Amino acid sequence: MLVILRGFLLLFLLYHVLVTVLWFGIFQGNFPQIPALARDWLWMVLLIGYFFTSLSTFKSYRRQRKQLRYLFFTLLGISVFFSYIQEKTIYDMFVWFKYGFHYIFLFLSATFLGHVFAKPDTKQHTLERDEKVYGFLRFFVWTLVSVVVIWFFWQWAKLIFPDFFFWLGYGPLNDFFFWVHPPIYYLTGFWGTLRWQWIFAGPNNYGYFLVVFLPLIISYFKFSLNSWKDIFIKKQNLISLFVYFLRFGAIVLTLSRSALLGTIVVLFLMNIHRWKRHWKISIAIIGIGIIGIFGLSFLKESSTLAHITAKFSSIWYVLSKPLWYGLWSSWPAIHHNGNILPENYFIQLLIDIWIIGFLIFVWWYIVCRKKIKKMFHGELFGSYIRAFAIGWIALLIMWIFLHVFEDSMVNYTFFTFFGVIIWYVFHTKKEPSK
């Protein structure tokens, strides 16, 4: 299974490049649904295959952590029912699920794969499986590092050989527009500053990716520092510095305010005890981050005003219609037949599923948090599960300002592998040592 998951990881990370080449380069803008459907169906085929080959395992999986699944399907059922009353089409509801709650489905479905891998095996001891999973985590982390390194060169190549990338399917310098060739580089505005998006659909999307895995990077690449000389003497410290420099540099180059905010959240949660001991340094670092966010806001003045206007106007939509509008009423429906752009995922949920659905959604998160927090103190994987959880929290903070769960590359890359690992840990912790 872990070999298959490695293949899926590479597919998820290369997805935007494949879409650009296939959709715009080869198919000339026709058949836009094919790449996404192919990827989604590959994941479904994997799930169905393991379901039929592991029926006895599925029965034991079904009896565990039922509350998360029941709440999720209750939420979907209520949302679909009230959307039907609002005369929403099946297509509207299906597309909303993809952009609204698909990441939760990916997380829950991946927990089944983790359960299958963790099932007792007379030929393989728990410690052997732990080592395999830890080896996969090493591969996963180094792949995340390699992506940033390789695609630094990819970004420079776009500037040096633009004609080649136009031939692949990229469009000219611009911003994102639906159904149009993705720009070779994003701009902060007309004649604005270049924003780096690497292999993602946009710089904000790349910012989500960099931030959500930042806790995992920090947990894996640690410092062992007794004096300043150790920075240059110890090989591990040099590697960690190099990785940090690349990642923080990439975050800055996205010119994404939400990514900077997410970075502050991650650094605070990862070092919460140090912040308390060194509060003066903490205030200085947070102040620098806030100044950076305000600086970017002035650099992108028109974007800032548009975001503020969208948020306040969207609150009125929530208050003016007690019975929700129905699934697929707000962003990203504006690219089809909608006209509500809240620029805030919380407000988007309130518009689409309103109070009842939103409360169930919050309840799901409360239950999920309790289940995950119990696994923070494992001997081998506890720190990595905590890192995944902090990355998730950072996404929740960033979604106050943007719609962070719209990016399928982030959803697939983060939530599928988190689901596999956390359920593996949950299941094997219950087994006696062999």
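Helices here are DSSP runs of H or I with at least four residues and strands are E runs of at least two, numbered from the N terminus. By that count, the protein has 20 helices and 2 strands. What you're looking at is a predicted model, where local features need pLDDT of at least 70, side-chain atom pairs count only at pLDDT 80 or more, and totals for chains, interfaces and linings use all residues. Residue numbers start from 1 along each chain as its sequence is written, and side-chain values use heavy atoms, with hydrogens and water left out.

**The whole protein**

- Of the 434 residues in the protein, 52% are buried; buried means under 20% relative accessible area, exposed over 50%, and partly exposed in between, with a 1.4 Å probe and protein chains only.
- About 21500 Å² of the protein is exposed, and carbon and sulfur atoms supply 72% of that. Accessible areas come from the Shrake-Rupley method with a 1.4 Å probe, and for residues only the protein chains shown count as cover.
- Take the contacts with a separation of 6 or more: residues 24 or more positions apart account for 75% of them. Contact here means heavy atoms within 4.5 Å.

**Salt bridges**

- The ground rule is a side-chain nitrogen of Lys or Arg within 4 Å of a carboxyl oxygen of Asp or Glu, and that gives 3 salt bridges.
- Arg39 pairs with Asp40, with 3.0 Å between the closest N and O atoms, and both residues are buried.
- Asp40 also has a salt bridge to Lys98, with the closest N and O atoms 3.5 Å apart. Asp40 sits in helix α3 (residues 34-53) and Lys98 in helix α6 (residues 90-100), so this pair ties together parts that are 58 residues apart in sequence.
- For Asp40 the relative accessible area is 16%, while Lys98 is partly exposed at 22%.
- Arg138 and Glu131 meet in a salt bridge too, at 3.5 Å from N to O. Both ends are partly exposed, Arg138 at 30% relative accessibility and Glu131 at 46%.
- Shared partners join Arg39, Asp40 and Lys98 into one network.

**Surface patches**

- Patches are built from residues with over 30% relative accessible area and no salt bridge; like charges are joined within 9 Å, and nonpolar side chains (Val, Leu, Ile, Met, Phe, Trp, Tyr) within 5 Å.
- The nonpolar patch consists of Trp156, Leu159, Ile160, Phe161, Phe164 and Trp167, together offering about 730 Å² of accessible area.
- Helices α8 (126-160) and α9 (162-168) each put at least two residues into the nonpolar patch, with α8 giving the most, at 3 residues.
- Ile160 belongs to helix α8 and is exposed, with a relative accessible area of 56%.
- Arg369, Lys370, Lys373 and Lys374 make up a positive patch on the surface. For charges, Lys and Arg count as positive and Asp and Glu as negative, with His and the chain ends not counted; each charge is placed at NZ of Lys, CZ of Arg, CG of Asp or CD of Glu.
- Lys374 lies in the loop between α18 (345-373) and α19 (382-398), and Lys374 is exposed at 57% relative accessible area.

**A backbone oddity**

- Most residues other than glycine have a negative phi.
- Leu255, though not a glycine, has a positive phi, near 55 degrees.
- Leu255 is found in the loop between α13 (235-253) and α14 (257-270), and at 13% relative accessibility Leu255 counts as buried.
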